[in-house]
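Me: I have a chain to go through with you. I will ask what stands behind each label, and you give me the grounds.

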Amino acid sequence: ATPTALLTGTGRGAQLGILIRGPQVLEDTRTVDTIVLDKTGTVTTGTMAVDDVVVLSDIFATDLLRLAGAVEAASEHPIAQAIALHAAGNGRLPEAHDFSSAPGGGVRATVGDVVVTAGRTGWLDRNGIRPTGTQAAALRAAEDAGTTAVWVAVDGDVAGFITLSDTVKDGSAAAIGRLRRLGLRPVLLTGDNRAVALQVAATVGIDAADVRAGVTPAGKVDAIRELQAAGATVAMAGDGVNDAAALAQADLGIAMGSGTDVAIEAADLTVMGNSLEQVAQAIELSRRTLGTIK
Ligand code: ADP
Ligand code: MG
């Protein structure tokens, strides 16, 4: 998406690849003291890779992967893209029909004569699917090992799960250090599981106490509200459909240029280079600019 038309950039910001929605925005960036960061696609590259297919029923791993891939092909989530790509490596994917999804939850569709549901535990639950204790323990063990694990169910029964991993962007750790030096407290906010979130936080220098994991898109909004209620002025950086409402709630919403259209539309500012370095730059720029005017 090219948000340029929506935005009235300031000259220096545009030169740096930072698109700003209006002059008021720079005023807002000056006062922020907390920066909430979405994990997937914001702190990490968002290019996920499938690590493993774990079968928990009477199905071949290749069939489980192919069914999941067919359904995920209709979703733009980084998890979905990784699963669809990986599955397509084994041959053309069958078509999916009657697709539905919940941001931050998962997907569901009909493939051939079966209904496939993929996503987190809460999404399975909403579709009336309950993993057994043994199945839940297997998924938890994979999560505790630091992977992102996604359930796959066929016709209402758990078939297994797929594990994925992601990489922290070059420069995320340095940028978070820079944001700290600007006086901002970094908070990590993610729909992904706690073990993965803690690993990423440790890599980039965010305190474990400032990690909010397993959060739904609505929960992301609540997390921002809570910080605001405690007196913080909050900037939030994100890229996903699941981040849009939180970006709108934040005092300053920042979207990654590679992000989804809804995230960009909800944000006050878009960084075209997709880096946290640019987020720090935007805040430095506003402080310098306004410092000169005053
Ligand atoms: P993040 O906050 O890290 O960007 P999301 O809120 O988008 O993560 O997703 C949270 C969780 O919801 C994922 O870790 C995954 O378990 C599940 N999920 C979301 N979208 C999908 C999808 N398309 N397929 C499978 N699982 C999904
Ligand atoms: Mg994201």
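Me: What covers the buried residues of α9?
Reply: This is a predicted model. In it, the cover of those α9 residues includes α3 (39-43), β7 (148-154) and α8 (172-181). It also includes β9 (185-189) and β10 (211-212).

Me: Which residues of α9 are called buried, and what makes them so?
Reply: In α9 (residues 194-204), they are V196, A197, V200, A201 and V204. The cut-off is 20 or more other C-beta atoms within 10 Å of a residue's own. These five are listed as buried, so each of them meets that count.

Me: How do you know on which side of α9 they lie?
Reply: From the arc around the axis: it spans only 135 degrees, which means that V196, A197, V200, A201 and V204 are on the same side of α9.

Me: What comes after α9?
Reply: G205 follows, and its phi is positive, near 85 degrees.

Me: What makes the 53 residues a nonpolar core?
Reply: Membership takes a buried residue of a nonpolar type, joined to others through C-beta atoms within 7 Å. The largest set that results has 53 residues. M236 and I254 have the most contacts inside it. Helix α13 (residues 276-293) gives the most to this core, 6 residues.

Me: Which residues does M236 contact, neighbours within four places aside?
Reply: They are V36, I224, A246, L247, A250, G253 and I254. A contact needs C-beta atoms within 7 Å, so each of these pairs with M236 satisfies that limit.

Me: Which residues belong to the other core?
Reply: That core lies apart and has 37 residues, including A70, A82, V116 and V152.

Me: How is the chain divided into domains?
Reply: The domain assignment gives domain 1 as 3-45 + 167-293 and domain 2 as 49-165. Their centres, taken over C-alpha atoms, are 30 Å apart.

Me: How do you know that the domains touch?
Reply: By the residue contacts: 13 residues of domain 1 are in contact with 9 residues of domain 2. On the domain 1 side, α3 and α9 are the elements that give two or more residues. The largest share there, 3 residues, is from α9. By class, that side has 4 nonpolar, 8 polar and 1 charged residues.

Me: What confidence does the predictor give the chain?
Reply: The average pLDDT is 91, and 94% of the residues score at least 70. Residues 1-9 are below 50, with 14 contacts in the model beyond near neighbours in sequence. The model scores ipTM 0.95 and pTM 0.86.

Conventions:
Residues are numbered from 1 along each chain as its sequence is written. Chains are lettered from A and ligands numbered from 1 in the order in which they are written. This is a predicted model: local features need pLDDT of at least 70, side-chain atom pairs count only at pLDDT 80 or more; totals for chains, interfaces and linings use all residues. A residue is buried if 20 or more other C-beta atoms lie within 10 Å of its own, exposed if 12 or fewer, and partly exposed in between; C-beta atoms are placed from the backbone. Helices (H or I, at least four residues) and strands (E, at least two) are DSSP runs, numbered from the N terminus. The arc is that of the directions from the helix axis to the C-beta atoms. Two residues are in contact if their C-beta atoms, placed from the backbone, lie within 7 Å. pLDDT is the predictor's confidence in each residue, from 0 to 100. Domain bounds come from an automatic or database domain assignment. Ala, Val, Leu, Ile, Met, Phe, Trp, Tyr, Cys and Pro count as nonpolar, Asp, Glu, Lys and Arg as charged, and the others, Gly among them, as polar.
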